[in-house]
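Biologist: I should be grateful for a close look at one metal site in this structure, with enough of its setting to place the site within the protein.

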Amino acid sequence: YVAKKQRNTYKLYSPMMNDVPTKELILENSMFEALESNQFMLHYQPKLEIRTGRIYGVEALLRWKHPEFGMVSPLEFIPIAEKTGFIILLGEWVLRSACRQVKQWEQMGLDSVLVSVNMSMLQFQQKDIVSSIKSIIEEAGVRPEQIELELTESIFMENPEHTLRILHELQGLGLKLSLDDFGTGYSSLSYLQNIPIHYLKLDKSFIRGIVTDIRKQMIFRSIIVIAHNLNMKVVTEGVETAEELQIIKEHNCDLLQGYLFSPPVAPERFVELFRSNKCPEE
Ligand code: C2E
Ligand code: MG
Ligand code: MG
Ligand code: MG
């Protein structure tokens, strides 16, 4: 990996350019140092089981507290990390940190929290992806069943056979798999029948406007039926209002994630949420 060598490159060639380095260039060149100096952190957003109202799991979402720009959105820096290849190193860090977090929560008495981690296509193209994931999980001392990987359709764009093999291997290890952002890409229903995934995550764009849009509701309902027939659970992302909750309930959606219950929060706050969520019936 070349980030170390690249570290100060913008300083080297920016004098030759007439303007100041762009934010993108600065971010690109400061990523490695950011990882070393703990500027990256994970926040956690609960997923709720709709039927019971219980916290079912939690999604780890990367945050970067940059000394100059403050909080930088992953929507901004993940594409840069994917472009430079830094995502490989960063992705391993995310998985390792999430695994350690699960272990710590377990030791604090939070029983069987399922943690999901987002994966980029580039990570999937690594030859040793399965053994790399396996060793990170083993080192942290967590059970593979406690970890879920969120993948997007993009992993099928190149070499789908290879991807499918990897998915089967990961499933064989006991990991949970979910297909993220469903409804944003081509979302071909045909490949759903072949892939070994446990959860289908419907993108926020599915739920936006659904309350007043009957056609959207019908598509939503149909996809849930298909997913259930394929033995997948459905997660609706981006649920913000009680009206939206009502609709996804009526349509038999299994899980929800959204600001209505909680935004992504720091780990300490998640512990509070988890404990108060469990308490009422105990
Ligand atoms: P995603 O995996 O689809 O994550 C869900 C995003 O929706 C998160 O944005 C979350 O904060 C946001 N969200 C959740 N509930 C609501 C809601 O009710 N309303 C609205 N408007 N938004 C909601 P975030 O944290 O900014 O992350 C954006 C994307 O960045 C993620 O989308 C994921 O694709 C990527 N990302 C984040 N962390 C990682 C990571 O560790 N690795 C990789 N490869 N990608 C990551
Ligand atoms: Mg995700
Ligand atoms: Mg998503
Ligand atoms: Mg997304």
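Modeller: The account below begins with the metal site and then turns to the protein around it. Please note that the model is predicted.

The part in question is the magnesium ion listed as ligand 4. Coordination of this ion comes from Asp 181, whose OD atoms are given twice as donors, at 2.7 Å. Donors are counted within 2.8 Å of the metal, and water is not among the atoms, so the site may look incomplete. A second magnesium ion, ligand 2, lies 5.6 Å from ligand 4. As for the chain that supplies the donors, Asp 181 belongs to strand 6, which covers residues 176-182.

Strand 6 is part of a protein with 13 helices and nine strands. The radius of gyration of this protein is 20 Å, close to the 19 Å that the globule rule gives for 282 residues, and the protein is therefore as compact as a globular protein of that length. Its C-alpha trace spans about 60 × 40 × 40 Å along the principal axes.

Within the fold, 48% of the 282 residues are buried. Of the contacts between residues at least 6 apart in sequence, 66% join residues at least 24 apart.

At the surface, the accessible area is about 14,300 Å², and carbon and sulfur atoms account for 53% of this area. Turning to charge, the protein carries 37 negative and 30 positive side chains, and 3 Å separate the centres of the two sets.

Methods
Residues are numbered from 1 along each chain as its sequence is written. Chains are lettered from A and ligands numbered from 1 in the order in which they are written. This is a predicted model: local features need pLDDT of at least 70, side-chain atom pairs count only at pLDDT 80 or more; totals for chains, interfaces and linings use all residues. Side-chain values use heavy atoms; hydrogens and water are left out. Helices (H or I, at least four residues) and strands (E, at least two) are DSSP runs, numbered from the N terminus. The radius of gyration is taken over C-alpha atoms; the globule rule is 2.2 Å times the number of residues to the power 0.38. Buried means under 20% relative accessible area, exposed over 50%, partly exposed in between (1.4 Å probe, protein chains only). Contact means heavy atoms within 4.5 Å. Accessible areas come from the Shrake-Rupley method with a 1.4 Å probe; for residues, only the protein chains shown count as cover. Lys and Arg count as positive and Asp and Glu as negative; His and the chain ends are not counted. The place of a charge is taken as NZ of Lys, CZ of Arg, CG of Asp or CD of Glu. Donors are N, O and S atoms within 2.8 Å of the metal (3.2 Å for Na, K and Ca); water is not among the atoms, so sites may look incomplete.
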